[in-house]
Amino acid sequence: MPRIPLGRAALAGLGTLAVVAAAVQPVSAAPRADRAEGPVAHAFSGAAAEYGVPRDLLIALGYSETHLDGHHGLPSQAGGYGVMHLVSNPDQHTLELASRLTGDTARELRTDTAANIRGGAAVLRSYADHAGLSKAERRDTDSWYPLLARYGGATDPATARLYADTVYTFLAKGVTARAEGGERLTLPARKVAPERGSLAPAAQSPDYPSALWVPANAANYAVGRTASVSKVVIHVTEGSYAGTISWFQNPSAQVSAHYVVRSSDGQITQMVREKDTAWHARSGNASGIGIEHEGYVDDPSWFTDAMYRSSAALTASICARYGIPKDRAHIVGHSEVPGNDHTDPGPNWNWTYYMQLVGGSTGGGEVQLGFPSYDTLRSGSTGAQVSAAQSLLNAQGFDAGTVDGSFGTKTTSAVTAFQKARGLGADGVVGARTWTALLSAGSTPALSQGSTGAAVQRLQRALTAALGRTVTADGDFGSGTQQAVRDYQTSRSLGVDGQVGPATWGALQAGR
Ligand SMILES: [Zn+2]
């Protein structure tokens, strides 16, 4: 969805809840004295104590809404603000309610994380008082289920249930999150047995049976189509899964998508029939099927393997059913659809991996990306390394044309555009720096010795280009890779720890 970097939303599914013993957990309403708290943890402790809401519940709610990222006061797609996603839209006004309850201004609640957390706690407490919860009940995390459902603002029971279940899923699984300023918050796993009441689960999708079905409001899409289905459009929600589903049920949204995919486990909810026209990509609506992915374009923590795999299976099914080629001309990002001002899915979306999972080409079949060394390529170059560069450019949304191993004018333009976007000298020649940026492009998970997988392979190839020596691209982060990381960090004046975090990824992706 995202127009410019926007907001957020949140929730989770049902089936994964480890609902075990109905134990009444002690409420950690008081700040824990055993360990120094950071400012965000302190804000949660203070709000919990002030409003009598379990601290862990507040953290799990904030995590499910935003991964504890306040996005600098920018709104989510649904008009929600801050870590606690206080909402101000035509049908939901928890931001205004929080302002009345706390005395803080709407601006403070939007931009000040401590105020926002306090506001979320105040709203929950007002719901608890309205529902007549006793002090003892307020201390019992499991009593808050219907109040969390209300906090989500969903108008139908299945979506309300998705909302509240998400929070209890994170309570059951535990959470480790990075809050603003790099502060690390940990929520230990606990047993939960939420009192769900009569909320019924969602029905099964009519078009893709492994998905759930929660229909969008009829005001948010058009019945039928004016063109045949010929492409899949990839979006990122700028909001939580449940929040997005709830928003598409709201008639004031005037937007929708066919499918929404959850970050934590890849659960899919269908909201518009494939035969109908969802409103997600302007000029791409008539012929497109829109898939929204839970997350924020600027926060890689949402882009999970589970979400990639689940979404890719859905896209593969759509391509098979409509005879759509599985390539990047037909599986496109929202930002690539003509006439759009949106940025999603953004630089943290790993197109290469996604297209591999879809079972199509990243631009030209099974292209070899790993080489013992990378040659300098320019107009007129030919061969397997040209194909690799073309494939990588296409995967990043820079149209190098057909992956044919022949470096022509279209490839030159794509290289130049890529170099400009990465702040590299835009000469249209693929040298060590451009190779490094191309090979490392994609998601930026934290990697260290013992890590394995596609991201490690990407790192190894990029280091091969950056260092000018072969780092075996076997996807296994062993001692050789660690030494290469150290050498890279040393030569680029980075902190030398042999681990790959934001600074090292950032340097690689900038072609340093
Ligand atoms: Zn979008």
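## A proline to start from

Let us begin at one residue: Pro345 sits in the loop between β13 and α11. The peptide bond that leads from Asp344 to Pro345 is cis, and its omega is near 10°. Please keep in mind as you explore that this is a predicted model.

Both neighbours of that loop will come up again. Strand β13 (331–333) is an edge strand of a sheet, and helix α11 (residues 351–358) contributes to the side of domain 2 that touches domain 3.

## The whole protein

Stepping back, you will find 17 helices and 13 strands in the protein. Its radius of gyration is 24 Å, close to the 24 Å that the globule rule gives for 512 residues, so the protein is as compact as a globular protein of that length. Measuring along the principal axes, the C-alpha trace spans about 75 × 60 × 40 Å.

The protein is divided into three parts: domain 1 covers 39–187, domain 2 covers 203–358 and domain 3 covers 384–509.

## Where domain 2 meets domain 3

Between the C-alpha centres of domain 2 and domain 3 there are 28 Å. The two domains touch through 11 residues of domain 2 and nine residues of domain 3. On the domain 2 side, helix α11 supplies the largest share, with four residues. Sorted by class, this side of domain 2 has five nonpolar, four polar and two charged residues.

## A seven-stranded sheet

Next comes an open sheet of seven strands, which you can trace in the order β5-β6-β10-β9-β12-β8-β13. The pairing in this sheet is mixed. At its edges are β5 (203–204) and β13 (331–333), each of which pairs on one side only.

One pair to look at is β8 (residues 231–236) with β12 (residues 288–293): these strands run in the parallel sense and are joined over six bridges. Within this pair, His235 has Glu292 of β12 as its bridge partner.

## A hairpin in domain 1

Strands β3 (residues 175–178) and β4 (residues 184–187) run antiparallel, with four bridges between them. Arg178 finds its bridge partner in Arg184 of β4. Together β3 and β4 form a hairpin, and five residues lie between the two strands. In the turn you will meet Gly181, which has a positive phi of about 75°.

Another positive phi belongs to His71, at about 50°, although this residue is not a glycine. To find His71, look in the loop between α2 (55–66) and β1 (80–81).

## Two helices side by side

Two packed helices are described by the angle between their axes and the distance between the axes. How do helix α14 (residues 432–440) and helix α15 (residues 454–467) pack, by angle and distance? Their angle is about 175°, and their axes are 8 Å apart. The helices α14 and α15 are therefore roughly antiparallel to each other.

Which residues make the contact? From α14 come Ala432, Trp435, Thr436, Leu439 and Ser440. From α15 come Arg458, Leu459, Arg461, Ala462, Ala465 and Ala466. By class, the contact of α14 with α15 has seven nonpolar, two polar and two charged residues.

Terms used: Residues are numbered from 1 along each chain as its sequence is written. This is a predicted model: local features need pLDDT of at least 70, side-chain atom pairs count only at pLDDT 80 or more; totals for chains, interfaces and linings use all residues. Domain bounds come from an automatic or database domain assignment. Two residues are in contact if their C-beta atoms, placed from the backbone, lie within 7 Å. Ala, Val, Leu, Ile, Met, Phe, Trp, Tyr, Cys and Pro count as nonpolar, Asp, Glu, Lys and Arg as charged, and the others, Gly among them, as polar. Two strands pair if DSSP finds at least two bridges between them. Axes are lines fitted to C-alpha atoms, for helices over the stretch in contact, and angles run from 0 to 180 degrees between N-to-C directions. Angles under 35 degrees count as roughly parallel, over 145 as roughly antiparallel, 65 to 115 as roughly perpendicular and the rest as oblique. The radius of gyration is taken over C-alpha atoms; the globule rule is 2.2 Å times the number of residues to the power 0.38.
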